[in-house]
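Visitor: I am new to this structure. Please pick one part and take me through it closely, starting with the charged side chains and moving on to what lies around them.

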Amino acid sequence: MRSRSALEACGSTLRFDLHFPGHWRAPSGRNPCAAAMEQEVLDWFAGLGCTAAELERVQGFSVSNYVGQPFPRLSRERTLLVGKFMAMWLLWDDIQVERLQRMWSHGLPDPDSPAQMSRFDRGWGQLFADLARRRSAGWMRALNQGMADWCRAATREANVMRQWHGLGRLPDFSAQLELRIATIGMYVALRLLEDACDQEFPDSFHARPAVRHLARLSNLLVGLGSDLFSLGKDLAGGQINLVLALTQGQGLSAEEAIRRLLELHRQAIGEYDALADEAEALPGVAAADVRRWLDDIRYATLGLTLWESQSPRCREHAVWIDGRKMALDLVWRETA
């Protein structure tokens, strides 16, 4: 893809570019196991008892792209598990969490009460049992806590949505940005990337300010990319979006709001790369293991943004700004 200026009007099209440095792309390209495992994921959902409509929804997620682009270095076994995990998360969010029907309680449903288990309970139970066979109890608690934290944030977001629909009030931009960071899901994805490397970094490592900020930046980057590429879908579906928070809350034009988010994204990329060098030198962990994990976070951040940019549910909704059609491209550059 050729690079353009951050904002370029060309005829009836208003063009924006979302930049990523070249080193955020995985040298290996997309995961070679992803395409083959997609049908296995669909069969797994069918075995859980999902309805035909739910299976169609999972198929629409394009699981091979959802896993193949963000997780290029997974083994076949881990590719299948992550494919199930990520698709289950999306479906559960769509069907239950956004409707405030079922919250996260624990990772392993009670096997002695199978009659009380929903298809989601069975799915999460199988996934957590699979992970528990090779991960420590402490690591599993951290993953479970991450899902519980995400669910609480997703509940707050659903309530914010209801407030907006009922009263026409959006939270201010800063509050909505923090909510997006909490709900985009990278805090849990970072744990899955540890498992992909067959690593368990100690709690003391995750508690370091540099590592905590790196995790936050990865959530910020995926959240910004998601809201930019899903703007048309969100407008059509009456969903909150960071662009709307700036236009309605701060009086910016749509053009100015999009440029503001693009600049935040550019700054976060630079911050991540600067902090990554610091994190590799932290004591108590092998620098090579941390370096691989940080690179995997880069690949996942870029891959999830790329998946969003190609998602049919986003591409089918055009955005027009002052009579011009918005076009947002993901482009590469050699430096951050």
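Guide: One set of terms comes up throughout. A residue is buried when its relative accessible area is under 20%, exposed when that area is over 50%, and partly exposed in between. Keep in mind that this is a predicted model.

Start with glutamate 77. Its relative accessible area is 48%, so glutamate 77 is partly exposed. Its side chain meets that of arginine 78 in a salt bridge, with N and O 3.5 Å apart. Arginine 78 has a relative accessible area of 10%, which makes arginine 78 buried. This bridge therefore joins a partly exposed residue to a buried one.

Now turn to aspartate 195 and arginine 135. Their side chains form a salt bridge too, at 2.5 Å from N to O. This pair links distant parts of the chain, 60 residues apart. Aspartate 195 sits in helix H8, residues 186-196. Arginine 135 sits in the loop between helix H5 (119-132) and helix H6 (137-167). Aspartate 195 has 2% relative accessibility, so aspartate 195 is buried. Arginine 135, at 10%, is buried as well. Arginine 135 has another contact: its charged end sits over the ring of tryptophan 139, 5.7 Å from the ring centre.

Next come arginine 298 and aspartate 273. Their closest N and O atoms are 2.9 Å apart, and the two form a salt bridge. Arginine 298 belongs to helix H14 (residues 287-310) and aspartate 273 to helix H13 (residues 254-280), so this bridge ties together parts 25 residues apart in sequence. Both residues are buried.

How do salt bridges that share partners join up? One network takes in Glu77, Arg78, Asp130, Arg133, Arg134, Arg135, Asp195, Asp198 and Glu200. Glu77 and Arg78, met at the start, are both in that network. Arg135 and Asp195 are in it too. Across the whole structure, a search finds 26 salt bridges.

Helices H8 and H14 come up again at a cavity. Each of them supplies at least two residues of the lining of the largest cavity. That cavity has a volume of about 40 Å³. A search of the whole structure finds one cavity of 30 Å³ or more. Its lining is made by Pro70, Phe71, Pro72, Arg73, Leu74, Leu193, Ala196, Arg292 and Asp296. Six of these lining residues are nonpolar, three are charged and none is polar.

Last, the rings. The structure holds 14 aromatic pairs. In one of them, phenylalanine 20 and tryptophan 24 have ring centres 5.9 Å apart and planes at 55°, so the pair is tilted. Phenylalanine 20 is buried, at 0% relative accessible area. Tryptophan 24 is also buried, at 0%. Tryptophan 92 and tryptophan 150 form a tilted pair as well, with 5.7 Å between centres and 40° between planes. This pair links distant parts of the chain: tryptophan 92 is in helix H4 (residues 76-97), tryptophan 150 is in helix H6, and 58 residues separate them. Tryptophan 92 is buried, with a relative accessible area of 2%. Tryptophan 150 has 5%, so tryptophan 150 is buried too. Both belong to a cluster linked by ring pairs, together with Phe85, Trp89, Trp124 and Phe128.

Definitions and conventions. Residues are numbered from 1 along each chain as its sequence is written. This is a predicted model: local features need pLDDT of at least 70, side-chain atom pairs count only at pLDDT 80 or more; totals for chains, interfaces and linings use all residues. Side-chain values use heavy atoms; hydrogens and water are left out. A salt bridge is a side-chain nitrogen of Lys or Arg within 4 Å of a carboxyl oxygen of Asp or Glu. Buried means under 20% relative accessible area, exposed over 50%, partly exposed in between (1.4 Å probe, protein chains only). Helices (H or I, at least four residues) and strands (E, at least two) are DSSP runs, numbered from the N terminus. On a 1 Å grid over the protein atoms alone, a cavity is a set of points where a 1.4 Å probe fits but cannot get out, and a pocket is an open set with protein on both sides within 12 Å along at least five of seven lines; lining residues have an atom within 4 Å of a point. Grid points are joined across faces, edges and corners, and a volume is the space filled by probe spheres set on the points. Ala, Val, Leu, Ile, Met, Phe, Trp, Tyr, Cys and Pro count as nonpolar, Asp, Glu, Lys and Arg as charged, and the others, Gly among them, as polar. Rings of Phe, Tyr and Trp (its six-membered ring) pair if their centres lie within 6.5 Å; planes under 30 degrees apart count as stacked, over 60 as edge-to-face and the rest as tilted. A charge sits over a ring if NZ of Lys or CZ of Arg is within 6 Å of the ring centre and within 35 degrees of the ring normal.
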